[in-house]
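The following exercises ask the reader to work from a sequence and its three-dimensional model. Each task is followed by a solution in steps.

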Amino acid sequence: MLTVKAEFLTSAASASQFIKTEKPVIAVCGKSNVGKSSLINMLAGVKKLAKVSKEPGRTRLVNYFDMGGFVLADLPGYGFARVSYAEKARWARLMEDFFGTEGTVSHALILVDIRREPTADDVAMVDLLTSRTIPFTIAATKGDKLSGAQRGAAVVKIAAALKCGRDDVIVTSSEKRMGREELFSLFGKVIELHNGERL
Ligand SMILES: Nc1nc2c(ncn2[C@@H]2O[C@H](COP(=O)(O)OP(=O)(O)OP(=O)(O)O)[C@@H](O)[C@H]2O)c(=O)[nH]1
Ligand SMILES: [Mg+2]
């Protein structure tokens, strides 16, 4: 399943626009600028499927991408200081609705920059998913920025901060196409589980 035919499906600005699909939806969440859209492009093997920006806070909607056996939802990033109170409130509402609606999402990827300590917002994201019993995996992004030994140490720190196991953290790099196989193997399991539950 390492090559997929990926295509943009639609954008949702509010709960009424969330899609209904037979396929499992995997949410891609994380801080603004952490590399969510880049990771989706890397997985899709397409450069400009999801919009990548040097300026944080560009993705304001839930953008859905069909990946063949599953759907990826590119979520707007959090923790971006330069947005208005109203914009933050809108974001919080969108996330509450997204993760609060039964059957909207099968699994979540929480992206954190491998070079940084996870923030309070990342911890809040973990707590939200845990409280909604939505399974999740951590993707440590921009792995190309560290050496192999540094990556190992960073993974331990990230796992500790987010109270999960080392095996729950996958090192990725959209530049170097790192973590692709591990992510697709994870997606395979998510699909199996989803189909099993629907029988
Ligand atoms: N070196 C390196 N840079 C990356 C990687 N992934 C993303 N970037 C860079 O990080 C910046 C942000 O990437 P995006 O993919 O737009 O991040 P995002 O999380 O979608 O950002 P928002 O939509 O604003 O929340 C861009 O300048 C990317 O080129 C990576 O694996 N390695
Ligand atoms: Mg984005």
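The model is predicted.

**Exercise 1.** Decide whether K142 is buried or exposed, and describe its backbone and its place in the chain.

*Solution.*
Step 1. K142 has 23 C-beta neighbours inside 10 Å.
Step 2. A residue is buried if 20 or more other C-beta atoms lie within 10 Å of its own. K142 therefore counts as buried.
Step 3. K142 is found in the loop between strand 6 (136–141) and helix 4 (148–161).
Step 4. The phi angle of K142 is near 60°, which is a positive value in a residue other than glycine.

**Exercise 2.** Apply the same reasoning to N33: is this residue buried or exposed?

*Solution.*
Step 1. Around N33 there are 20 other C-beta atoms within 10 Å.
Step 2. The cut-off for a buried residue is 20 or more, so N33 is buried.
Step 3. N33 lies in the loop between strand 2 (25–30) and helix 1 (36–44).
Step 4. Phi of N33 is near 75°, a positive value although the residue is not glycine.

**Exercise 3.** Determine how many residues of helix 1 are buried, and examine what comes just after the helix.

*Solution.*
Step 1. The buried residues of helix 1 are K36, S37, S38, L39, I40, N41, M42, L43 and A44.
Step 2. Nine of the nine residues are thus buried, so helix 1 is largely enclosed by the rest of the structure.
Step 3. Just after helix 1, G45 takes a positive phi of about 70°.

**Exercise 4.** Identify the strands that pair with strand 3 and give the sense of each pairing.

*Solution.*
Step 1. Strand 1 (residues 7–12) pairs with strand 3 in the antiparallel sense, over five bridges. In this pairing, E7 has D66 of strand 3 as its bridge partner.
Step 2. Strand 3 is also joined to strand 4 (residues 71–74) by four bridges, and these two strands run antiparallel. Here F65 has L72 of strand 4 as its bridge partner.
Step 3. The hairpin of strand 3 and strand 4 has four residues between the strands, and G68 in this hairpin takes a positive phi near 95°.
Step 4. Four of the five residues of strand 3 (residues 62–66) are buried, so strand 3 is largely enclosed by the rest of the structure.

**Exercise 5.** Describe how strand 6 is connected to strand 5 and to strand 7.

*Solution.*
Step 1. Strand 5 and strand 6 run parallel and are joined by six bridges. L111 stands opposite A139 in strand 6.
Step 2. Strand 5, helix 3 and strand 6 form a right-handed β-α-β unit.
Step 3. Strand 6 pairs with strand 7 (residues 169–171) in the parallel sense, over three bridges. A140 stands opposite V171 in strand 7.
Step 4. A right-handed β-α-β unit is also made by strand 6, helix 4 and strand 7.
Step 5. Five of the six residues of strand 6 are buried, and the strand is mostly covered.

**Exercise 6.** Which residues touch the most other members of the largest nonpolar core?

*Solution.*
Step 1. In soluble globular proteins, nonpolar side chains tend to be buried together.
Step 2. The largest nonpolar core has 46 residues, of which V28, A73 and A140 touch the most other members.
Step 3. If residues up to four places away in sequence are not counted, A140 touches V112, I114, A154, V155, I158, V169, V171 and T172.

Notes
Residues numbered from 1 in each chain as written. Chains lettered and ligands numbered in written order. Predicted model: local features only at pLDDT ≥ 70, side-chain atom pairs only at ≥ 80, totals over all residues. Core = buried A, V, L, I, M, F, W, Y, C linked by C-beta atoms within 7 Å. Buried ≥ 20, exposed ≤ 12 C-beta atoms within 10 Å, placed from the backbone. Contact = placed C-beta atoms within 7 Å. Pairing = 2+ DSSP bridges. Right-handed = clockwise from strand over helix to strand, strands pointing away.
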